[in-house]
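Trainee: Could you take me through one part of this model in detail? I'd like a close look at the place where the two domains meet.

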Amino acid sequence: MLRVAIVGATGYTGCELLDILIGHPEVKITSLTAKLDAPIKIHDEFPRFKGRIDLPCTPLDAGEVARSSDLIFLSLPHGVSMKYAALFLKAGKKVIDLSADFRFADVGVFQQWYGIRHEQTGLLKEAVYGLPELHAERIRTARLIANPGCYPTGSILALAPLVKERVVELDGLVIDSKSGVTGAGRKASLPLSFGECNESFRAYKVGAHQHTPEIESELGILAGHALAIQFTPHLVPMNRGILTTAYARPLKETSTEEIINLYGRFYAKAPFVRVAAKGRLADTKDVWGLNYCDISIVVDNRTHRIVVISAIDNLVKGAAGQAVQNMNLMSGFPETMGLA
Ligand SMILES: NC(=O)c1ccc[n+]([C@@H]2O[C@H](COP(=O)([O-])OP(=O)(O)OC[C@H]3O[C@@H](n4cnc5c(N)ncnc54)[C@H](OP(=O)(O)O)[C@@H]3O)[C@@H](O)[C@H]2O)c1
C-alpha cells in the first residue's frame with residue numbers, strides 16, 4: 001500500500017482528495033494536516049467523513065508528515081507549497097502540488113502573475129506539469145508534479161487538438177470560462193459570500209487572470225511558439241463546475257464531424273476525456289463529482305469559427321481527481337484506479 005499524506009486537508013481540494021483516496025484500493029492515508037493550533041477530528045470539520053476514516057487532522061509538522069508517508073499532496077495556497085515541496089523531496093518523498101508554485105519553467109512568469117518571490121527556483125526544471133493527457137510519460141517517472149489549475153485544465157484540453165494538429169489560426173484564440181464558487185477555495189471572502197454572488201453572474205480579472213500564462217504556456221508548447229490568448233473568467237453562482245467555451249478560426253473549411261473525429265483520435269488513449277457526439281453539448285451537471293472532461297464541438301461555417309465547449313468539475317478533474325490520476329501514473333497503478 002502507498003502511504004499518502006494530505007497537507008491542507010481542511011480546504012476544498014484537501015477534502016475532495018480525502019473523499020477520493022478513502023476509496024482507493026492501493027492507498028493508505030497516513031497523515032492529514034492543516035494550519036491549525038491543535039489537532040481536530042476531520043469529521044468535526046467535514047461530517048461527511050464520520051465513520052469513514054478515523055484519523056486526526058493535526059497542525060503541520062513536516063518531519064512527521066515525511067516520516068509517515070511516501071507521497072504527499074500539497075493542497076496549499078500559492079507561495080506556501082514551495083517550501084514544503086522542497087523539504088519533502090529532500091526527505092526522498094514524491095510530491096503532488098496543487099498550487100501554482102511549480103507550474104512555470106520560467107520563474108519570471110510566476111513572479112509577474114502571482115506577485116510572489118519564488119524561493120525554490122532550483123526545482124522548477126524538475127517539476128512536471130501534471131496534465132496526463134499531454135504528459136503521461138514524464139509524469140510516470142516524476143518526483144514533483146505541478147498539478148494544473150482548474151481553468152487551464154478545461155481550456156487546454158478544449159484547444160490542444162486544434163493547436164497541435166495546426167487546424168486553426170493561432171493568433172486570435174479566445175477562451176471564455178465560467179467557474180463555480182469553490183474554485184476560489186474555502187477561506188471567507190466578501191465577494192464570494194452568498195449575498196454577493198447569488199443571483200449574479202460576473203466576469204473578473206479580464207485580461208489579467210493568473211491562469212492565462214499557464215494556458216498560453218502549454219498551448220504554446222504544442223504550437224511550437226509563444227501564443228497570446230484572450231482568456232476571460234466568470235464567476236457563476238453554483239458550487240462546482242467549470243464550463244469553457246473556446247473560439248478558433250479554421251485554416252480551411254471543415255465540418256463538425258471532421259473535428260469531432262480529430263478529437264476522438266487525439267484523445268483515444270485518454271480515459272477521462274469524453275468527446276460528445278454531434279448535437280450534444282457539454283454540461284457541468286454531467287461531470288459533477290467526476291474526473292471527466294466532457295468536450296463538445298460545433299463548426300459554425302457561417303461565422304467561420306470552430307466552437308469548442310468543455311465541462312469539468314473544478315475540484316475533481318480541475319484539482320483532486322487529476323492529482324490522484326497523476327499519483328496513479330507515478331505509482332504504476334492503472335490510471336483510472338479509484339477514479340472511474
Ligand atoms: N479550489 C479549486 O477548485 C482549485 C482547483 C485547482 C487548484 N487549486 C489550488 O489548490 C490549492 C488549495 O486550494 P483550496 O481551494 O483547497 O484552498 P482552501 O480551501 O483555501 O484550503 C487551503 C488549505 O491550506 C491550509 N493552509 C493555508 N495556509 C497554510 C500554511 N501556511 N500552513 C499549512 N496549511 C496551510 C488551510 O488550512 P486551514 O484551514 O487550517 O487554514 C487549508 O487546509 C491552492 O493553491 C489552489 O489555487 C484549487
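Mentor: Sure. One thing to settle before we start: the domain bounds used here come from an automatic or database domain assignment. Keep in mind, too, that this is a predicted model. The assignment splits the chain into domain 1, residues 2-126, and domain 2, residues 150-314. Going by C-alpha atoms, the centres of domain 1 and domain 2 lie 27 Å apart.

Now for the place where they touch. On one side, 11 residues of domain 1 make contact, and they meet 12 residues of domain 2. Together the two domains bury about 1,000 Å² between them, with carbon and sulfur atoms giving 58% of that area. If you want names to look up on the domain 1 side, go for Tyr12, Arg103 and Trp113: these three supply 55% of the area that domain 1 buries against domain 2, more than any other three residues.

There's charge pairing here as well. Three salt bridges are counted between domain 1 and domain 2. For a pair to find on screen, try Glu16 and Arg240, whose side chains form a salt bridge with an N to O distance of 2.5 Å. Polar contacts between the domains come to four residue pairs, both partners at pLDDT 80 or more.

As for which elements of domain 1 face domain 2, α1 (12-22) and α5 (107-114) are the ones that give two or more residues to the touching side. Of the elements, α5 gives the most, with three residues. Sorted by class, that side of domain 1 has six nonpolar, two polar and three charged residues.

Terms used:
Residues are numbered from 1 along each chain as its sequence is written. This is a predicted model: local features need pLDDT of at least 70, side-chain atom pairs count only at pLDDT 80 or more; totals for chains, interfaces and linings use all residues. Side-chain values use heavy atoms; hydrogens and water are left out. Contact means heavy atoms within 4.5 Å. Buried area is the accessible area (1.4 Å probe) that two parts lose on being put together, summed over both. A salt bridge is a side-chain nitrogen of Lys or Arg within 4 Å of a carboxyl oxygen of Asp or Glu. A polar contact is a pair of N or O atoms within 3.5 Å; within protein, one must be able to donate a hydrogen and the other to accept it, and residues adjacent in sequence count only if both atoms are side-chain atoms. Helices (H or I, at least four residues) and strands (E, at least two) are DSSP runs, numbered from the N terminus. Ala, Val, Leu, Ile, Met, Phe, Trp, Tyr, Cys and Pro count as nonpolar, Asp, Glu, Lys and Arg as charged, and the others, Gly among them, as polar.
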